[in-house]
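Grab a coffee and work through these exercises with the model open beside you. Each one sets a task and then walks through the solution.

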Amino acid sequence: MEEINGELLERYLHGKCTAEEQARVKEWLEEDRFPTDLELPNAELGQEILLSLKEKHYSPKGSRSLRWQYYIGIAALMALAVGTFLIWNRPDPQVKQMVYKAPFGKPINLILPDSSRLVLQPGSVISYAQHFNSEERRVKLLSGEVFFSVQHRDNQPFVVSSSSGEIQVLGTRFNVRNLKSSEEMQVVLTQGKISFKDVNGKVKVLKPGQELLFDKKLGQILQTNVVDTTRVVARKAGILDFDDTPMAEVLELLGNLYGVQFKISCKLDHPISGNFTDMPIVKALHLIQRGSEYRFRNAGNTIEIYK
């Protein structure tokens with residue numbers, strides 16, 4: 001009998017299984033064991049499995065059932081290959097919150113329950129409800145950078161919230177960068193129309209090609225500029241291109257890309273420019289050394305930066 005694997009589950013979710021395969025998957029979902037060698041080839045499939053299997057087979061009676069534990073097992077296995085999913089119940093038992101952390105290495109694609117598509121830069125973290133309510137579709141950007149391609153729905157706005165404020169749209173494409181190392185949050189609109197409301201209630205409407213910068217310390221909008229969105233869109237494909245970028249941001253982005261940690265032993269007062277796409281970390285750090293006073297050396301499990 002065919003083993004349970006990611007390919008079989010994908011066919012099952014899309015209704016392409018034979019009757020025998022369907023019976024096998026259903027039997028597997030009811031079993032008291034979970035295969036430890038299940039392989040899920042990509043984030044989109046992993047998320048479909050997590051959402052769709054729960055929707056098809058999860059009974060709200062008894063959230064501690066073995067079947068619920070299976071879904072936790074699926075989430076844990078997904079973490080090995082495509083990032084980290086965490087799930088918990090809100091006080092409302094019908095609403096479950098999902099947190100996803102993108103893996104290191106390259107941008108990752110995710111499909112939300114409403115079919116909106118996201119591209120998360122390495123190490124980025126978002127949270128959202130397993131099922132959006134009828135009034136709005138809300139996603140929280142906890143850290144990192146995400147490009148949103150939102151499905152248009154007239155009566156169900158899409159909201160991206162953060163500690164700095166929230167962005168409301170109906171259907172559009174935009175990028176939000178909210179790095180831990182940066183004092184500013186950046187929003188760039190590439191298509192459609194969005195409104196940004198800061199923590200003080202001030203609202204700013206953006207048009208395509210505009211950038212909004214928000215000062216996280218002051219809690220206010222700094223400015224809006226007309227920008228070339230080519231660089232923002234290119235980052236979806238993993239292009240790492242710096243243009244007078246503060247060194248603290250460079251280190252955070254390199255750390256997320258290569259899965260390394262930096263030990264800072266000097267003042268990060270020199271911005272960096274250059275393209276660092278598709279190269280080993282040794283070469284990237286060598287290029288930074290050639291164009292600046294920064295120096296790097298191994299320091300146990302970290303890379304030390306000094307002058």
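**Exercise 1. Work out how exposed R231 is, then find its salt-bridge partner and say where the two sit.**

Step 1. Start with accessibility: R231 has a relative accessible area of 35%, so it counts as partly exposed (buried means under 20%, exposed over 50%, partly exposed in between, with a 1.4 Å probe and protein chains only). This is a predicted model, where local features need pLDDT of at least 70, side-chain atom pairs count only at pLDDT 80 or more, and totals for chains, interfaces and linings use all residues. Residues are numbered from 1 along each chain as its sequence is written, and side-chain values use heavy atoms, leaving out hydrogens and water.

Step 2. Now the partner: R231 forms a salt bridge with D243, at 3.4 Å from N to O (a side-chain nitrogen of Lys or Arg within 4 Å of a carboxyl oxygen of Asp or Glu). D243 is partly exposed too, at 48%.

Step 3. Place them: R231 is in helix α5 and D243 in strand β15, twelve residues apart. Helices (H or I, at least four residues) and strands (E, at least two) are DSSP runs, numbered from the N terminus.

**Exercise 2. Take the salt bridges of R137 and R138 and say which parts of the chain each ties together.**

Step 1. The count for the model is ten salt bridges. In one of them, R137 pairs with D114, with the closest N and O atoms 2.6 Å apart. R137 lies in strand β6 (residues 137-149) and D114 in the loop between β3 (108-111) and β4 (117-120), so this pair ties together parts 23 residues apart in sequence.

Step 2. Check burial: R137 is buried at 0%, and D114 is buried at 3%.

Step 3. Next, R138 meets E166 at 3.2 Å, N to O. Because R138 lies in β6 and E166 in strand β8 (residues 165-169), the pair ties together parts 28 residues apart. R138 is partly exposed at 32%, and E166 is partly exposed at 21%.

Step 4. Shared partners join E136, R138 and E166 into one salt-bridge network.

**Exercise 3. Describe the largest pocket: its volume, its central residues and its lining.**

Step 1. The space in the largest pocket is about 500 Å³. On a 1 Å grid over the protein atoms alone, a pocket is an open set of points with protein on both sides within 12 Å along at least five of seven lines, a cavity is a set where a 1.4 Å probe fits but cannot get out, and lining residues have an atom within 4 Å of a point.

Step 2. There are 24 lining residues, and R177, Q186, E211, D243 and T245 are the closest to the centre.

Step 3. By element, β15 gives the most to this lining, five residues. By type, the lining has eleven nonpolar, three polar and ten charged residues.

**Exercise 4. Now do the cavity.**

Step 1. The structure holds one cavity of 30 Å³ or more, and the largest cavity is about 110 Å³ in volume.

Step 2. Its lining includes R177, R235, L253, N256 and L257. Helix α6 provides the largest share of that lining, three residues.

Key:
Points joined across faces, edges and corners; volume = space filled by probe spheres on them. Nonpolar A, V, L, I, M, F, W, Y, C, P; charged D, E, K, R; others polar.
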